[in-house]
Amino acid sequence: MILQPTNPEPARILFLFSDTGGGHRSAAEAIIEALQIQYGDAIQTEMVDIFKQYAPKPFDLLPELYPIMVRVPQAWGWGYYISNDSRRAKLIADSAWPLVRQNIRKLVKSHPSDLIVSVHPIANAPILRALGERRPPFITVVTDLVTTHAFWYHRRVDLCIVPTEEARQRAFLCGLREDQVMVIGLPVAQRFCQSPADKPTLRQKLGWPQDRPILLLVGGGEGMGPMERVALNIDRFPLPVFLVVVCGRNQKLKHSLESRQWKQMVKIYGFVKDMPDFMQAADILITKAGPGTITEAINASLPMLLYSRLPGQEDGNVSYVVSRGAGFWTPTDESLTQALHNWLENPESYQQAVQACKRIARPTAAMDIARIIFERLPTKPIVKPPLQT
């Protein structure tokens with residue numbers, strides 16, 4: 001029997017991310033939370049924003065420019081598709097290396113670690129190149145559900161963790177071996193992974209009505225997409241509903257909606273921290289096709305209507321939700337109205353969507369990923385038992 005060497009010092013794990021969509025930060029934070037729950041002080045984590053902290057100018061501005069860039073979805077989709085090929089991705093990475101080499105080598109030198117986790121596709125190629133042959137284990141956690149870009153899949157990674165079988169098959173097309181890829185799910189914070197709560201109690205706590213369906217309209221933390229058009233369409237819906245609109249940081253949208261006169265019962269919020277309660281208390285989620293929001297809704301057994309998608313990386317999210325029976329694609333007023341009629345007038349159809357969410361949910365993904373990371377450490381830290389209370 002070969003014993004794993006141990007170390008009394010905490011293991012250092014470096015997370016590479018950037019706030020350029022795709023829920024990269026929230027995925028990293030969910031894994032870090034799971035590591036802390038299971039291993040406590042035995043793990044020391046650090047998050048590095050690869051663009052803000054180490055990209056040369058003007059690439060360091062990408063996190064701030066991202067919300068502006070995706071406002072032209074056709075251009076974004078064109079760039080996504082034209083670069084989404086293993087050979088083209090490698091050519092782009094090789095061409096960029098002379099520009100980023102000095103900064104990336106500084107990153108590697110400044111953040112010594114026992115294991116590296118990348119939750120951003122752009123981080124993989126340059127970091128692995130800078131690390132060289134003698135390096136710590138390198139794990140990629142893919143945060144796109146289905147339509148995954150070739151940048152995610154680097155052949156030198158020790159492990160690539162993906163959320164769906166479709167993403168796993170894409171990894172093989174990009175040259176990864178079977179032993180390099182694991183389907184675990186998309187990591188989300190533990191507060192989105194709790195057992196179902198009592199809807200009437202939550203609604204009473206939130207001040208929401210008990211006698212009508214609750215429709216939850218969101219557009220991510222930035223309040224993106226045609227949320228105002230969707231809200232006005234729901235206001236014309238002939239059946240009584242209670243519409244909850246979460247505008248996020250989009251203050252312009254919030255002020256515009258608050259200035260209107262509504263026929264339906266409407267409650268408008270800005271940025272909220274109790275979204276898990278909102279999802280548990282609601283009946284239907286209406287959202288753009290972001291991977292994190294979709295995963296959170298599935299964990300809450302909350303059927304969803306998807307009103308927009310970002311071409312390229314979110315195309316597969318729509319097909320994933322629709323093909324599994326967890327929701328509908330409703331990009332037009334007519335399709336959204338029809339889907340609402342289908343669910344609100346046909347409880348059996350609605351319950352089928354609820355059960356579909358339960359079938360595909362992976363609420364333990366973050367905890368499972370944390371355990372895999374711990375097992376991949378070359379030297380195990382000593383984990384102290386939790387204090388008895």
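Which residues does Met275 touch, if we do not count residues up to four places away in sequence? I would like to start there, and I should say at once that what we are looking at is a predicted model. In this model Met275 touches Phe192, Leu216, Val218 and Val246, with residues up to four places away in sequence left out of the list.

Met275 also belongs to the largest nonpolar core, which has 38 residues, and within that core Trp208, Leu216, Val244, Val246, Met275 and Phe278 touch the most other members. At least two residues of this core come from each of α8 (199-206), β8 (214-218), β9 (242-246), α11 (275-281), α12 (291-299), β12 (304-308), α13 (315-324) and α15 (347-360). The element that gives the most is α11, with 4 residues. Apart from this core lies another one, made of 32 residues, including Leu128, Trp152, Cys160 and Cys174.

Let me turn to the sheet. Here 6 strands form an open sheet with parallel pairing, and the order to follow on the screen is β10-β9-β8-β11-β12-β13. The edges are taken by β10 (265-269) and β13 (327-329), each of which has a single partner strand, so one side of each is left without a neighbour in the sheet. On average, and with direction ignored, neighbouring strands of this sheet are turned by 20° against each other. Looking at one pairing in detail, β8 and β9 run parallel and are joined by 5 bridges, and Leu215 stands opposite Leu243 in β9.

A further parallel pairing is that of strand β4 (residues 115-118) with β5, which extends over 3 bridges, and in β5 the bridge partner of Ile116 is Phe138. In a regular strand the side chains alternate between the two faces of the sheet. Strand β5 (residues 138-141) is covered on both faces, with Phe138 and Thr140 buried on one side and Ile139 and Val141 buried on the other.

Now to the helices, beginning with α12, which is mostly covered, as 8 of its 9 residues are buried. Those buried residues are Pro291, Thr293, Ile294, Thr295, Glu296, Ala297, Ile298 and Asn299, and they pack against β8, α11, β11 (284-288), β12, α13 and α15. The helix α12 is followed by Ser301, which has a positive phi, near 55°. In α13 the buried residues are Asp315, Gly316, Asn317, Val318, Tyr320 and Val321, and just after α13 there is again a residue to note, Gly325, with a positive phi of about 80°.

How many aromatic pairs does the structure hold? There are 7, and I will go through two of them with their geometry. A pair of aromatic rings is described by the distance of the centres and the angle of the planes. For Tyr80 and Tyr81 the ring centres are 6.1 Å apart and the planes stand at 85°, so this pair is edge-to-face. Tyr80 counts as buried because its relative accessibility is 6%, whereas Tyr81, at 43%, counts as partly exposed.

For Phe328 and Trp343 the ring centres are 5.2 Å apart and the planes are at 45°, so that pair is tilted. Since Phe328 lies in strand β13 and Trp343 in helix α14 (residues 333-344), the pair ties together parts that are 15 residues apart in sequence. Phe328 is partly exposed, with a relative accessible area of 32%, while Trp343 is buried, with a relative accessible area of 3%.

Ring pairs also link Trp208, Phe242, Tyr269 and Phe278 into a cluster, and two of its members, Trp208 and Phe278, were named earlier among the core residues that touch the most other members. One more ring deserves a look, that of Trp329, over which the charged end of Arg309 sits, 4.7 Å from the ring centre.

Finally, where is Asp198 placed? Asp198 is in the loop between β7 (181-183) and α8, and with 44% relative accessibility it counts as partly exposed. The C-alpha atoms of Asp198 and Ala281 are separated by 7.8 Å, although these two residues are 83 residues apart along the chain.

How values were computed. Residues numbered from 1 in each chain as written. Predicted model: local features only at pLDDT ≥ 70, side-chain atom pairs only at ≥ 80, totals over all residues. Heavy atoms only, no water. Core = buried A, V, L, I, M, F, W, Y, C linked by side-chain atoms within 4.5 Å. Buried < 20%, exposed > 50% of the residue type's maximum accessible area, 1.4 Å probe, protein only. Contact = heavy atoms within 4.5 Å. Pairing = 2+ DSSP bridges. Axes fitted to C-alpha atoms, helices over the stretch in contact; angles between N-to-C directions. Phe/Tyr/Trp six-rings, centres within 6.5 Å; stacked < 30°, edge-to-face > 60°. Lys NZ or Arg CZ within 6 Å of the ring centre and 35° of its normal.
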